[in-house]
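Me: I would like a close look at the ligand site of this model and at the pockets of the protein. Please describe which residues and elements form them.

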Amino acid sequence: MQETINSVVLTEYPAQYVALVRLNRPEARNALNNEVRRQLAHVFTELSGNADIRAIVLTGGDEVFAAGADIKDMTTATTISMYQRHAERYWQAIADCPKPIIAAVNGYALGGGCELAMHADIIIAGEGARFGQPEVKVGVMPGAGGTQRLIRAVGKFQAMRLLFTGCMVKAPEALRMGLVSEMVADGETVARAVEMAQEIAKMPPIAIAQIKEVVLSGMDLPLDAALTLERKAFQLLFSSQDQKEGANAFVEKRTPNYQGE
Ligand code: CAA
């Protein structure tokens, strides 16, 4: 089944409980203009509230995941126009998504494209994928979380190298650096991401949502506060029917059937 929501962001449903969100602006190498960002925010907001979806795969094209913010738009942009478009509200819709997001990256993930991939929870890269934050080469710097998410993913010394030089790193290096979760053959990126999404979709959805919330919120808290957050979330799961289902299925030696309740 395929439902075309709009022109530049497509949503497909390749398996039960799994949505596949695809950037579709090939003529501009999937550059993220305001319309792409607006449609991405719309799609992620809808999927966030859709109980039939338990995992989301986010991808671009075969040659380019996304070439970053739209540089052509920047030629006339002013401080006030950049402020008034409030792109952060669109990005926030993706950052706030409580469901697991798996980015399936083929080709270039540059600038805002790399930042978009870093909004995901897991990144599966094709062997030919290339990642970079080349904003400095066009006179600016990352503006959608690149400085902060990159340093958290790869540490100061790799982040600074990428941010200061604008260099691209190929998938094997990105994997070694911790910017990529898994590398597969280029033709298998989306299939592998959907397979992993299906695996995650079989897990108890409330536990998955709590893991995501605690990992992301806890990362920036002092350790004691983060451990308290974890403990409270762990305890909360004992109110879920899925917790009983998981424990009973183990004891009865059968496969659990999680309902998200
Ligand atoms: N913005 C607008 N248009 C873009 C674009 C971008 N980021 N990237 C590519 N395009 C357009 C090109 O201008 C070109 O359009 P025309 O046909 O009208 O000339 C078309 O897409 C094809 O591009 P190329 O001919 O360059 O394609 P290629 O396959 O040879 O190269 C590429 C692909 C390596 C991705 C190259 O296009 C490129 O380097 N793009 C720019 C990458 C970049 O600097 N990104 C950072 C943007 S700033 C940012 O992202 C800020 C932020 O943090 C939010």
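Reply: The account below takes the ligand site and then the two pockets.

This is a predicted model, in which local features need pLDDT of at least 70, side-chain atom pairs count only at pLDDT 80 or more, and totals for chains, interfaces and linings use all residues. Residues are numbered from 1 along each chain as its sequence is written, and side-chain values use heavy atoms, with hydrogens and water left out.

The ligand is surrounded by 20 residues, a residue being near if one of its heavy atoms lies within 4 Å. A69, K72, G112, E115 and E135 are the closest. By class, this shell has 10 nonpolar, four polar and six charged residues; Ala, Val, Leu, Ile, Met, Phe, Trp, Tyr, Cys and Pro count as nonpolar, Asp, Glu, Lys and Arg as charged, and the others, Gly among them, as polar. At least two shell residues come from each of α2 (71-74), β7 (108-110) and α5 (112-118), where helices (H or I, at least four residues) and strands (E, at least two) are DSSP runs numbered from the N terminus. The element that gives the most is α2, with three residues.

Polar contacts are pairs of N or O atoms within 3.5 Å. A polar backbone atom of I71 is 2.8 Å from a nitrogen atom of the ligand. In K72, a side-chain N or O atom is 2.8 Å from a ligand oxygen atom, while a backbone N or O atom of E27 lies 3.4 Å from an oxygen atom of the ligand. Of the 990 Å² of accessible area that the ligand has on its own, the protein covers 65% (Shrake-Rupley method, 1.4 Å probe).

A pocket is an open set of points on a 1 Å grid over the protein atoms alone, where a 1.4 Å probe fits, with protein on both sides within 12 Å along at least five of seven lines; lining residues have an atom within 4 Å of a point. The largest pocket has 27 lining residues, with M118, A120, D121, L216 and M219 nearest its centre. Two or more lining residues come from each of α4 (87-95), β8 (122-126), α6 (146-154) and α10 (205-218), and α10 gives the largest share, five residues. Because domain 1 (2-201) and domain 2 (205-252) both contribute to this lining, the largest pocket lies between them; the domain bounds come from an automatic or database assignment.

The second largest pocket is lined by 29 residues, and A69, M74, M141, G143 and A144 lie nearest its centre. Its lining takes two or more residues from each of α2, α3 (79-84), α4 and α5, with the largest share, four residues, from α4.

Technical notes: Polar contact = N/O pair within 3.5 Å; in protein donor to acceptor, adjacent residues only side chain to side chain.
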